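Hello,

Here is the structure I said I would pass on. My notes on it follow below.

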Amino acid sequence: MRTLAWRSLRAEGRARLAQAGVDDPDQELRWIIERATGRTAAEQLADLDAAATEREVRFYDEMVARRVEGAPLQYVLGRWGFRTLDLLVDPRVLIPRPETEVVAGLAIEAARAVDRDAVVLDLGTGSGAIALSLAAELWPHVEVWATDRSPDALAVARANLAGLGSRSAAIRLAEGSWFDALPDEQRGRFDVIVSNPPYVAADEPLPAEVADWEPVSALISGPSGLEAIERIVAEAPAWLRPAGTLVLEIGETQGAAVLALARAAGFLEAHVEPDLAGRDRALVARRGGHDG
Ligand SMILES: C[S@@+](CC[C@H](N)C(=O)[O-])C[C@H]1O[C@@H](n2cnc3c(N)ncnc32)[C@H](O)[C@@H]1O
């Protein structure tokens with residue numbers, strides 16, 4: 001095992017990342033070293049001449065090698081920030097995206113508008129990003145159900161739940177395809193249903209870093225890209241309370257189609273919200289009734 005100071009390890013790692021075509025090798029290296037050593041960026045600079053331990057060198061080398069192979073940085077680090085959370089992520093789940101932070105925010109806003117403890121459902125929870133944000137930000141005034149068809153994804157969500165401490169008591173996980181995961185007695189109980197379902201069409205090209213590493217079943221819906229959204233929009237009214245709200249992440253070209261689906265399913269008010277880049281990103285649809 002090499003005994004090296006961080007100054008030379010960094011220079012070597014930077015050259016390897018740059019040669020592999022990584023866009024911002026300095027920033028990524030800071031994150032990788034922080035993960036290997038627990039040192040913040042400022043501490044890393046102050047400790048450039050400190051010797052790395054064997055364990056640090058092994059972990060650091062492994063992470064740089066995976067990144068050079070093309071693995072997304074989030075999988076290399078094994079964790080990623082989402083709103084207020086630091087989530088475990090690995091190739092069993094989609095990497096939580098910034099646009100989904102906006103979608104989670106819309107669901108949180110809808111749940112806050114309920115004048116008692118809200119009951120919320122997150123369909124296709126993956127890492128648990130949306131469900132855990134609801135529980136973390138609305139605790140203790142919320143009950144969250146989180147489902148996924150993939151047992152692998154639910155295992156990651158369960159691990160993330162463990163990191164939530166006492167607030168994890170707000171969340172129940174259930175396995176199954178969309179609403180089939182839920183016990184029948186939950187029908188008509190939800191104030192908010194939120195989902196970031198697969199919404200990419202089968203023939204749509206995906207960037208290699210996504211197609212080669214992320215679970216395709218989390219992204220591709222079917223030939224049109226709208227299959228999962230169609231099913232969720234059609235079945236949601238039966239699971240929502242009369243004043244309930246559906247919040248769905250959508251593709252930027254799907255706005256008109258999902259508004260038509262929402263109207264056909266009987267939602268009285270529906271509109272599309274943009275993401276931070278101004279692209280159509282979320283359907284917000286209200287049943288428009290009054291809870292008795
Ligand atoms: C786009 S990912 C979203 C993951 C997470 N909610 C997020 O926003 O980062 C879609 C998720 O839906 C799940 N999924 C796909 N088809 C499903 C189905 N028929 N029923 C339930 N979940 C499904 C996938 O396993 C995946 O975790």
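**Notes on the model**

The crossing of helices α1 and α2 is right-handed. Please keep in mind throughout that this is a predicted model. The 13-residue contact list is easiest to read by helix: from α1 it takes Trp6, Arg10, Gly13, Arg14, Leu17 and Ala18, and from α2 it takes Pro25, Asp26, Glu28, Leu29, Arg30, Ile33 and Thr37. By type, the residues of this contact divide into 6 nonpolar, 2 polar and 5 charged. As for geometry, α1 spans residues 6-19 and α2 spans residues 25-37, and their axes come within 10 Å and cross at roughly 130 degrees. That angle makes α1 oblique to α2.

**The sheet**

The model has an open sheet of 7 strands with mixed pairing, in the order β5-β4-β3-β6-β9-β11-β10. The edges are β5 (171-175) and β10 (269-274); each has a single partner strand, so one side of each is left without a neighbour in the sheet. On average, neighbouring strands of this sheet are turned by 15 degrees against each other, direction ignored.

Two of the pairings are worth listing. Strand β3 (residues 118-123) runs parallel to strand β4 (residues 142-148), and 6 bridges join them. Within that pair, Ala118 stands opposite Val142 in β4. Strand β9 (residues 240-249) pairs with strand β11 (residues 280-286) in the antiparallel sense, over 5 bridges. There, Leu248 is opposite Leu283 in β11.

Two helices can be placed against the sheet. Helix α11 (residues 255-264) packs on it, touching β10 and β11, and the direction of α11 makes about 155 degrees with that of β10. Helix α6 (residues 98-112) lies across β3, β6, β9, β10 and β11, and runs at about 170 degrees to β9.

**Buried parts**

Is β3 covered or open on its two faces? Both faces are covered: Ala118, Val120 and Asp122 are buried on one side, and Val119, Leu121 and Leu123 are buried on the other. In total, 6 of the 6 residues of β3 are buried.

Helix α7 (residues 129-138) is largely enclosed by the rest of the structure, because 9 of its 10 residues are buried. The buried residues in α7 are Ala129, Ile130, Ala131, Leu132, Ser133, Leu134, Ala135, Ala136 and Leu138.

Two individual residues in the strands may also be of use to you:

- Thr147 has its place in strand β4. Thr147 is buried, with a relative accessible area of 0%. Leaving out residues up to four places away in sequence, Thr147 touches Leu121, Asp122, Leu123, Gly124, Thr125, Leu154, Ala174, Trp178, Ala181 and Leu182.
- Ser195 lies in strand β6 (residues 190-195). Ser195 is buried, also with a relative accessible area of 0%. With the same sequence neighbours left out, Ser195 touches Asp122, Leu123, Trp178, Ile232, Val247, Leu248 and Glu249.

Asp122, Leu123 and Trp178 are among the residues touched by Thr147, and they are also among those touched by Ser195. Of these, Asp122 and Leu123 are on opposite sides of β3. Leu248, which touches Ser195, is the residue given above as standing opposite Leu283.

Regards

Conventions:
Residues are numbered from 1 along each chain as its sequence is written. This is a predicted model: local features need pLDDT of at least 70, side-chain atom pairs count only at pLDDT 80 or more; totals for chains, interfaces and linings use all residues. Side-chain values use heavy atoms; hydrogens and water are left out. Axes are lines fitted to C-alpha atoms, for helices over the stretch in contact, and angles run from 0 to 180 degrees between N-to-C directions. Helices (H or I, at least four residues) and strands (E, at least two) are DSSP runs, numbered from the N terminus. Angles under 35 degrees count as roughly parallel, over 145 as roughly antiparallel, 65 to 115 as roughly perpendicular and the rest as oblique. A crossing is left-handed if the near helix is turned anticlockwise from the far one by less than a right angle, and right-handed if clockwise. Contact means heavy atoms within 4.5 Å. Ala, Val, Leu, Ile, Met, Phe, Trp, Tyr, Cys and Pro count as nonpolar, Asp, Glu, Lys and Arg as charged, and the others, Gly among them, as polar. Buried means under 20% relative accessible area, exposed over 50%, partly exposed in between (1.4 Å probe, protein chains only). Two strands pair if DSSP finds at least two bridges between them.
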